[in-house]
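Q: I should like to learn how to read the features of a multi-chain model. Please take me through some of them in turn.

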Amino acid sequence: MKEYAYYPGCSLEKMAVSYHLSAVETTGKLGIKLKELEDWSCCGATAYSGIDELLSHTLSARNLAIAEKTGLDFVAPCSACYKNMYFTAVHMRKDADLAEHINFALEEDNLHFSGNVTVRHLIEVYVNEVGLEEIKSKVTRPLEGVRVAPYYGCQIMRPRKDHEDVEQPQFFEELLAAIGAMPINYPLKMRCCGGSLIISSRTAALSMVRNLLQSAVDGQADVIATTCPMCQVNLECYQQQVNQEFGTNFSVPVLYFTQLIGLAFGITPKKLGMGKEFVALAPSLLAAGKANPAHSKP
Amino acid sequence: MEKIGVYVCHCGTNIAGVVNVEEVRDWTAKNLKDHGVVISRDYKFMCSSLGQELIEQDIKEQGLTRVVVAACSPHLHEATFRKACGRAGMNPYMCELVSIREQASWVHTDKVAATQKSKAILSGGVRRVEYHTALEPLKVSIHPDTMVVGGGIAGIQAALEIADAGFHVYLVEREPSIGGHMAQFDKTFPTLDCSACILTPKMVDVGSHPNITLLTWSEVTKVDGYVGNFTVTVKKKASYVNNDTCTGCGICWEKCPKKVVDNVYEAGMGIRKAIYRPFPQAVPKYPVMDVDTCIYFEKGTCKACEKFCPTEPNSINFEQKDEFLDIPVGNIILATGYDAFDPHRIPQYGYGRLPNVFTSLEFERLCNAAGPTGGNILLRDGKTAPKVVGIVHCVGSRDKNYNEGCSAICCMQSLKFAHLVHERTGAEVYNFYIDIRTPGKSYDEFYQRLLEEGTHFVRGKVAEISDAVRLPGEEGKLVIQVEDTLTGNQLRVPVDMAILSVGLEPRADAKEVAKLFGISCSANGWFTERHPKLDPVATMTDGIYIAGCVQGPKDIPASVAQGAATAARVLGKIQQKEIALEPVRASVLEEKCSGCRICNDLCPFNAILFHEDKMVSEINAALCQGCGTCVAACPAGAISGTGFSNEQVLAQIEGLLLLNISEDAVPA
Amino acid sequence: MSDKPKFAMYWAASCGGCEIAVLNIHEKILDVDANFDVVFWPVAMDAKYKDVEAMEDGSILLTLFNGGIRNDENAHIAKLLRRKSKLLVAFGSCANEGCIPGLANLSPVEDIVNTAFHTISTDNPNGIHPQISYKMPEGEIRIPTILPRLKTLDQVVDVDYYMPGCPPESHQIAAVIDLVVQVLQGKAELPPKGAVIGAGNSTVCDECQRKRNVKTINSFNRIFGQAIDPELCLLEQGIPCNGIATRSGCNARCPTAGAQCIGCYGPAEGVVDYGARLISGFASVINSKDPKEIDTILDGIPDPTGQFYRFNLAGSLLKAGAPAWKKNGG
Amino acid sequence: MTNNKPFEPVIIGFTCNWCSYRAADLAGTSRTKYAPNIRLLRLMCSGRLDPTFVFKALANGADGVMITGCHPGECHYLEQNYKALRRFQLMRRTLEGLGVDPRRVKLVWASAAEGAKFAQEVTSFVEEVRALGPLNWGAGENGRVAEYQSTPQEALA
């Protein structure tokens, strides 16, 4: 039973609770225990590091220090949290002065971060730690014929961490294939969904969302799979506003990749937090296992 | 006690500008008197004829037995001053040139420190020269035969020039036919001559030349010996075709059932058979059998080629074995060419994923009349002609992530492509470039012609080639995303076909080949020339020359010129019949050697041999390159080295540290 | 006073082994007595310094001087014997290159004296510290002062011949005695001044019977706790045997008995620094190109200074360790 | 007499004819300045470097020794710089045993094209040795440093 220091992040409390539920359900099936970090706090998301770098690093470092105490690898399902945590750890390891500053502040909570914590995104746990063979063996109801657009979003891969291929990664496609689904050729899979721009400059973000939806429709995708609550919101909840803005009538279901895995593992949609979607899921998708003819017309 | 003459050079102001030459001269006369210095002069230009005459006069009149010149680097004028001493009757190796220009005046600003350092350098030279011994250069005979490795245009030119001069050449080529990359091209820039038309006559000359032994489908596996006396082992791979009886009629590859994608000559665009001749004008004209794909070698069945072969006796021979030939040659010319950059390494350009993205070599095959589409420029489906074509320059070149250097030929090559597309399809053409580099004769005129033909030139490095449609009019097209740096706009240019003008890279096995021939190559793999400016076709290893793209990216005229240049150098060596090798050698004093065999494995040139009977080691002076590693390693001190003996080096160290020199001489 | 040529022997900083080695020539000692008038041999007879001072300069034909120059008495007698002797021979490793006493050059004089008089192995309850001079009712008595660094004989006086070995092999001593006798009888010529006598001019490998192959070293290890092949060269079994750089003459006594040579016969002919030869000989054939791997192999020689300079420190280029130089204005 | 000028270390530099000596030449032709404390000696190859030369330099007034050669894999004689590397590592351990700070002997690879790197390595090594202070290894036997005078007893001889 491999354990991880699980850092849900603010959105998985409320808005993205389905991501949390489906994550816990599917990891449970794969013999992984997500031990929630005790007394964790917000990571500053995309906005804060732009405002005050030192304080945003301190916010993340606090959670890293708590995780370091548990001695487990740190797992963040949301791409923004993952990026913040990963790079805070890297900067603190590299910059002794920064580490000293932050640790001085952490002493208030008698916490200390010395740097030896491995930070992982939730999808890495499935792909690298568990492995596709193990996942394939747990699939009871493969998503036959379901065409899925693998949407990486921009924050898992960038900034580049080591020597991974940031231009044309393939691991998401391989994961979807492992659960029986049909990953489509999705050229804009690495393009940004607009992130917090959806608030500060709506039309720009909406046009980015529109391109992502258009590309998914061009690839006859039945559903877009996401790995981050921010992308989920922008792609799913704003489809109506995209349609109003650009006169399109997109109605493309958007699900977390953990929800799709859950379906393939035969877990009931309810347990995966499904049913509260803005864009109605095609009934066939819920039943999983049967081809899904319905696409939305451009 | 030796009689030493010391000559301190001004080198105009190069030395005298920083080093107080007079002070050094007088200091030497005064303080190195008891080490044999009888004369200490200074002169404006020691390397000038007047400067040299100063030395010669002193040797004749004062009976000098040693000379030390303090001037520039020994790599520049050691030979000059040695010759001067030789003319005056002193053994040239009694002369030592120490550098107070590159090692003092040019690299230090503090004049006092530079002057004191020059004294120390000179003192080192004087103390060293006391232990110099008279040496005679090693005379070595030159074998008149030459080996050219690599049958591209550079290798062909070298081979023809030497053969025409009446000397024998072995031309070794890894592929079944000579011709190299040039044989794959359709046209050549800037004259738009058909590549085959200007190449094949030379290939035919090579094939029929009485002085050229052509060893195709062969590779060099081992190189022994040294300049004038190399023994090269060539592995002649079995072609399973008896070239004596085969007429090259072609029935065998017509009947052969096994089709294979030709990744070499056709750059993956066309197919060949298991038994094949790469292209119609191939020299030699005989086919070779590809063991990896031939059905007989796989399942033991078929043998169609043998059945249909009309010759008597049958030219197909499945029992043929690889042959290993040990070939004695005097000189070796390496002309092994380049590899084209594989654009798979730039995923965002979509090569291999998006069908209508082509490499330059693939496009050359498209244009070539003997190519897979008979010369018609068509999309990957082989049917539709492109209406809009985008040509991307500098793919994999001038890029920190791939190859930093400029590949010299891709601009002109891209312009040629643009012209061919205009001429053959009338399509719109976009060239995406960083800088248009057209340095050759009438190259830029060719560029002006392209402008007049209405080619669109966009100055910007292409960011991405994608099939993600965003704007109307992009359906079914490849969209080239690029920033036009001259207007500052982001452009999305929809095209039907994209041609990646890939850069030139060193051969994948360049490092191993360099090691095989005992020469050095740069970090990325281009072979290192003896001097980048003044000696680009020789290497640090005597007797081994390099020509063409193996030394770095260049166009055909430069490759041909270098091919001819190496031929001239080789012919020069052959005519000398024998040459003098630097007499820097090691030798074992037999009575001191205890046969401990520590040295036996230290010589990469296999110059150290061991006599089991006498239990002593011995050094073959001809093979020894004079590196001195065994001299330093011998625990019994039984190996001595000329030119850099222990006594000379230890004395030079004492000199540099100004030992046993009167008090006031100690630098401040 | 007989007209036989005079013979003298003296021992400076040494262990006395060289004296015993002379006795080891068994009955040949009678030849010495027959051909020489032994005038000065502190270990064997009661001649006094003033007796030697009374002799005419150059009157002693042959003096075998063993031991390093440790204190100023050694230096004084070395100079005295130099003046009095025609042929002064540096006899044995101490006189030639400092040998074991020379290893004191790794530490400053104060530490040596302190270790000698004030550490656990010395019973010195009142902590008496030796004084150079001490006033007694009968007068002032003095003891020699220790030189800052032990010197070899030829670092103090001019030496005619060098006879290495710790101790020199008895058959070599006998051979030298025979040679001098024959020179006296005009039957042989003396070798050129400064020559090494009583030894070979190659290295121990020349006389070693073990089989020698091409050398590549994959590891250095200690000789015990490992099955030693009696036939094969020890170095090829990873044992750091100094035989490759040590002068021949001892008939490879130690390697033949299965022990690694530790270099008591000193450097080969014409070698400037013994240790450097071994460092270069061993390192050059280490079978690795990776610095980390090379380091692990070199960990097999935990004490390089001891391995390479056990006998030759005082006679090496560096002559002593940094501490010895530092303390005395060095 | 202790002059108040800063300690100027004397460094002996061993170069190999094909790479590091040509790097020094290139530093010259491109007028790249570096500290004058180093005095270069040209060998045919770094493989020619005998530990005797290093001990000779240290014992006779040098405060530091820099050994330079071609980068591993680029040796003109193919692989002789690896022997220089092995000797260097064993020599440093022996020097350490003799109380010489191993940082006084440094091994630097520089190809014929790395004039600037060679100059920079020299200047930084000079500063490292300056920080270590003079080695003053008895300044050799020819008595430049006053021999430790023992008692008048000596006068007796």
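A: Let us begin with a proline in chain B: Pro190(B) lies in the loop between β8 (187–188) and β9 (193–194) of chain B. Helices (H or I, at least four residues) and strands (E, at least two) are DSSP runs, numbered from the N terminus. Phe189(B) and Pro190(B) are joined by a cis peptide bond, with omega of about -10 degrees.

Q: Before we proceed, what kind of model is this, and how are residues and chains labelled?

A: This is a predicted model, in which local features need pLDDT of at least 70 and side-chain atom pairs count only at pLDDT 80 or more, while totals for chains, interfaces and linings use all residues. Residues are numbered from 1 along each chain as its sequence is written, and chains are lettered from A and ligands numbered from 1 in the order in which they are written.

Q: Where is Pro313(B) found, and which residue precedes its peptide bond?

A: Pro313(B) is in the loop between α10 (304–308) and β17 (323–329) of chain B. The peptide bond that leads from Glu312(B) to Pro313(B) is cis, and its omega is near -10 degrees.

Q: How should I read a positive phi in a residue other than glycine, for instance in Leu192(B)?

A: One reads the angle together with the location and the surroundings. Leu192(B) is not a glycine, yet its phi is positive, at about 60 degrees. Leu192(B) sits in the loop between β8 and β9 of chain B, and Pro190(B) also lies in the loop between β8 and β9.

Q: Is Leu192(B) buried, partly exposed or exposed?

A: A residue is buried if 20 or more other C-beta atoms lie within 10 Å of its own, exposed if 12 or fewer, and partly exposed in between, with C-beta atoms placed from the backbone. Leu192(B) counts as partly exposed because it has 14 C-beta neighbours inside 10 Å.

Q: What does the same reading give for Ala267(B)?

A: Ala267(B) has 21 C-beta neighbours inside 10 Å and therefore counts as buried. Its phi is near 50 degrees, a positive value in a residue other than glycine. Ala267(B) belongs to the loop between β13 (259–262) and β14 (270–273) of chain B.

Q: Turning to whole chains, which pair has the most contacts?

A: Two residues are in contact if their C-beta atoms, placed from the backbone, lie within 7 Å. Of the four pairs of chains that touch, chains B and D have the most contacts. There, 41 residues of chain B meet 40 residues of chain D. On the side of chain B that touches chain D, two or more residues come from each of α4 (101–105), α5 (111–129), α16 (629–633) and α17 (646–656) of chain B.

Q: How is that side of chain B composed by class?

A: Ala, Val, Leu, Ile, Met, Phe, Trp, Tyr, Cys and Pro count as nonpolar, Asp, Glu, Lys and Arg as charged, and the others, Gly among them, as polar. The side of chain B that touches chain D has 21 nonpolar, 14 polar and six charged residues.

Q: How many residues take part where chain C meets chain D, and which element of chain C gives the most?

A: Chain C contributes 40 residues and chain D 35 residues. On the side of chain C that touches chain D, α10(C) gives the most, with seven residues. By class, this side of chain C has 21 nonpolar, eleven polar and eight charged residues.

Q: How far is chain A from chains C and D?

A: Chain A and chain C do not touch, and their nearest C-alpha atoms are 25 Å apart. Chain A has no contact with chain D either, the closest C-alpha atoms of the two lying 24 Å apart.

Q: In what order do the elements of chain D run?

A: Chain D has five helices and four strands. From the N terminus on, the order is β-α-β-α-β-α-β-α-α. Of the 157 residues in chain D, 64% are buried. Among contacts in chain D with a separation of 6 or more, 81% join residues 24 or more positions apart.

Q: Finally, into which domains is chain A divided?

A: Domain bounds come from an automatic or database domain assignment. For chain A they give domain 1 (2–122) and domain 2 (138–287). The centres of these two domains of chain A, taken over C-alpha atoms, are 24 Å apart. Their contact takes 23 residues from domain 1 of chain A and 25 residues from domain 2 of chain A.
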